[in-house]
Amino acid sequence: MTTAIQLTPQDTIERGLALAAAEGADGCVVIVAESSSTNLRWANNTLTTNGAMRGSSVTVIATVGAGEGTAAGVVGRSSVTDASLREIVSAAVATARASSPAEDARPLVGGAVGTDWDEEPEETSVSVYEKFAPALGETLKRAGNENRWLYGFADHQVITLYVGSSTGLRLRQALPRGFVTATGKSGDLSQSAWVGAATRDFSDIDAHAIDAELTRRLGWASRTVSVEAGRHATVLPPAAVADLTTYLFWCLDGREAFEGRSVFAKPPGGTRVGEVLTSQPVTLRSDPQLPGLETFPFAVARSSGGSSSVFDNGLTLTATDWIRGGKLESLMTSRHTADLTGASTATPDIDNYILSVDGATGTTDDLVAGLDNGLLLTCLWYIRMVDPQTLLLTGLTRDGVYLVENGEVTGAVNNFRFNESPVDLLARFTAAGATVPSFSREWGDDFSRTATPPLLVPDFNMSSVSQAS
C-alpha cells in the first residue's frame, strides 16, 4: 500500500512548477494557502462549543502560448498530496491548451525570493482567548443574574499564503484575523441588541465593554414606540456605515464601470474617475500597511474578473485612494483592465479600507446628543442590490433601532425595510464622527478589515415597516 506523501507549502510549489514545465506549460503560478482557526460559541448564557481547525488548499495556474495568444488553465483543490498534485497540474495544463487565448494575458509577475520564504505556516490556538474567555464567562454569569440572555461567536484565524511562479517569484505572508459577534436578549426574549468587533489577536477585545453596551441597548428597549415608515433623521454608528460602505467598496470595479454596468459608469462611455461624487471632504482609501488592518501586500487571484487577473498574481499592492476629497480617484483594475479603461496604472483590489471625513471628531453618542428627533440605527442585514446604476440597496434593520428625542435615546422602535444608495449617502450626510475600526454585521465574517466613522443622515429612507424581529 502506497502512503500519500504530504508536502510542505514550499515543496508543493517547487514540485508543481517542475511538473508544469514537464507537461509543456510556458508559465505557471502555484498558490498555497494554509489556514489555522479556533472558535468559541455561546448561547443561553452558556459556552456551548469550542473548536480548532486546520486547512490547506492549492491553486495551479498554467499558461500556454505567448503574447496575445496566451491561454490559462486554473485548477484548485484542498488537502493536496504528492500524487494528487500531479493530477492538478496535468488538469491545469490541459485546461489551458483547450482554452481560447485569454484577453487579460500579460507576462507573469517576476520577483525575488522573500526573506521569510522558508518559514513554516503560522498557527493559532485557544490561547488567543486567554484574556477574552475568562471575561466572557463573567459576563455570562452576570447576564443570568440580571435576567438577560447572551448569544455569540468568536473566531480567530491565521492564513499563511505562499505564491510561487515560473518567473522566480517566491512570496509568503501570514495574516491573523479575528472577530466577535454578540447578541443580547431580554429575559422574555421580546427585545434584542447586537454588538460586534474585529481584531487581530483578541488582546484588544473587552468582553465586559461588549456586555455593557448590550445592556445599555436592552435598557433603551424597556420602552417601545411605533414609528411609521418615511425619511427620518438617522444616526448610523460605524458598524452600520460599514454595512453600506463595504458594498460600495466591492462595486469599485473598473471593468463594470467601463462597460456601463455600475454607478461609476459615465454615459455614454467611460468611467467617472475624476468626477466629484460629493462636496463633503470624504476619503475612501486602502493600504496593505494600514495599522491594525494590515493585509496581503501583493495581488492574489485564483480567477480572472473585472478587477483581477490570474496573470497579476504577486503584483505589489500600494496605498490607493479610491475617493479623495469627495472626488473619485481610482477604480479597481487589473493590468489588462487598466489598459482597457485608460488608467495610468493597475490598481488591484486590496483587502481593507478606511473611510474618513476630514476634520470630523467625536463619537456616535456625540451625534445622538446633537439630534433633536430621529433614529439611531445600529445594524443592517439582508442587504441586496436593487439598481447597479445608482447603487441603490435594500435591506432590513435588525437588533436595535432606537428613538432619539432631545439628544437622548428614549426607546426602541419597530424594524424597517430601507432603500438607500451609499453613494448618495456620502453626499447627503450632515455630520460625522471620528473614524474607528468597525465590524459590519452583514459582511464582517468575510471582510473585517474596515474603519469607518459614524454618520448623521437627515433623511434616511425607511421605505416600509418590517415585521422582522
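Me: Which element supplies the largest share of the lining of the largest pocket?

Reply: Strand β6 does, with 6 residues. Strands here are DSSP runs of E, at least two residues long; helices are runs of H or I, at least four, and both are numbered from the N terminus. This is a predicted model: local features need pLDDT of at least 70, side-chain atom pairs count only at pLDDT 80 or more, and totals for chains, interfaces and linings use all residues. Residues are numbered from 1 along each chain as its sequence is written, and side-chain values use heavy atoms, with hydrogens and water left out.

Me: What makes this a pocket, and what volume does it have?

Reply: A pocket is an open set of points on a 1 Å grid over the protein atoms alone, with protein on both sides within 12 Å along at least five of seven lines. The largest one has a volume of about 940 Å³. It is lined by 40 residues, and G196, A197, V436, P437 and S438 are the closest to its centre. Lining residues have an atom within 4 Å of a point. Besides β6 (192-199), the elements that supply at least two of them include β5, α4, α5, α8 (364-369) and β20.

Me: How many lining residues of the largest pocket fall into each class?

Reply: There are 19 nonpolar, 11 polar and 10 charged. Ala, Val, Leu, Ile, Met, Phe, Trp, Tyr, Cys and Pro count as nonpolar; Asp, Glu, Lys and Arg as charged; the others, Gly among them, as polar.

Me: What makes a space a cavity, and how many are there?

Reply: In a cavity a 1.4 Å probe fits but cannot get out. The whole structure has 3 of 30 Å³ or more. The largest has a volume of about 110 Å³. Its lining consists of L236, V241, L244, T245, L248, L284, L355, P422, L425, L426, L455 and V457. Two or more of these come from each of α5 (238-250), α9 (422-428) and β22 (455-466). Helix α5 gives the most, 4 residues. By class, the lining has 11 nonpolar residues, 1 polar and no charged.

Me: What lines the second largest cavity?

Reply: That cavity, about 90 Å³ in volume, is lined by 13 residues. W42, L136, T139, A182 and I210 lie nearest its centre. At least two lining residues each come from α3 (132-145), β4 (148-165), β5 (170-186) and α4 (207-220). Helix α4 gives the most, with 4. The classes are 10 nonpolar, 2 polar and 1 charged.

Me: Why do R172 and E119 count as a salt bridge?

Reply: A salt bridge needs a side-chain nitrogen of Lys or Arg within 4 Å of a carboxyl oxygen of Asp or Glu. The closest N and O atoms of R172 and E119 are 3.7 Å apart, so the pair qualifies. R172 is in strand β5 and E119 in the loop between α2 (82-98) and α3, 53 residues apart. The structure holds 33 salt bridges.

Me: Is R172 buried or exposed?

Reply: R172 is buried, because its relative accessible area is 5% and buried means under 20% (exposed is over 50%, partly exposed in between; 1.4 Å probe, protein chains only). E119, at 43%, is partly exposed.

Me: How do you know that R441 and D399 pair up, and where do they sit?

Reply: Their closest N and O atoms are 2.9 Å apart, which makes a salt bridge. R441 lies in the loop between β20 (436-438) and β21 (450-452), and D399 in the loop between β15 (392-397) and β16 (401-405), 42 residues apart. R441, at 15%, counts as buried. So does D399, at 7%.

Me: Which residues are linked in a network of salt bridges?

Reply: E103, R255, E256, E259 and R261 are. Within it, E259 and R261 bring N and O to 2.7 Å. E259 is partly exposed at 39%, and R261 is partly exposed at 39%.

Me: Why is the contact of S421 with T390 called polar?

Reply: A polar contact is a pair of N or O atoms within 3.5 Å; within protein, one must be able to donate a hydrogen and the other to accept it, and residues adjacent in sequence count only if both atoms are side-chain atoms. The S421 side chain reaches the backbone oxygen of T390 at 2.7 Å, so the distance fits. S421 sits in the loop between β18 (415-420) and α9. It is buried, at 2%.

Me: How many disulfides are there, and what makes a pair count?

Reply: The count is 0. A pair needs cysteine sulfur atoms within 2.5 Å. C251 is buried at 11%, and C379 is buried at 0%.

Definitions and conventions:
Points joined across faces, edges and corners; volume = space filled by probe spheres on them.
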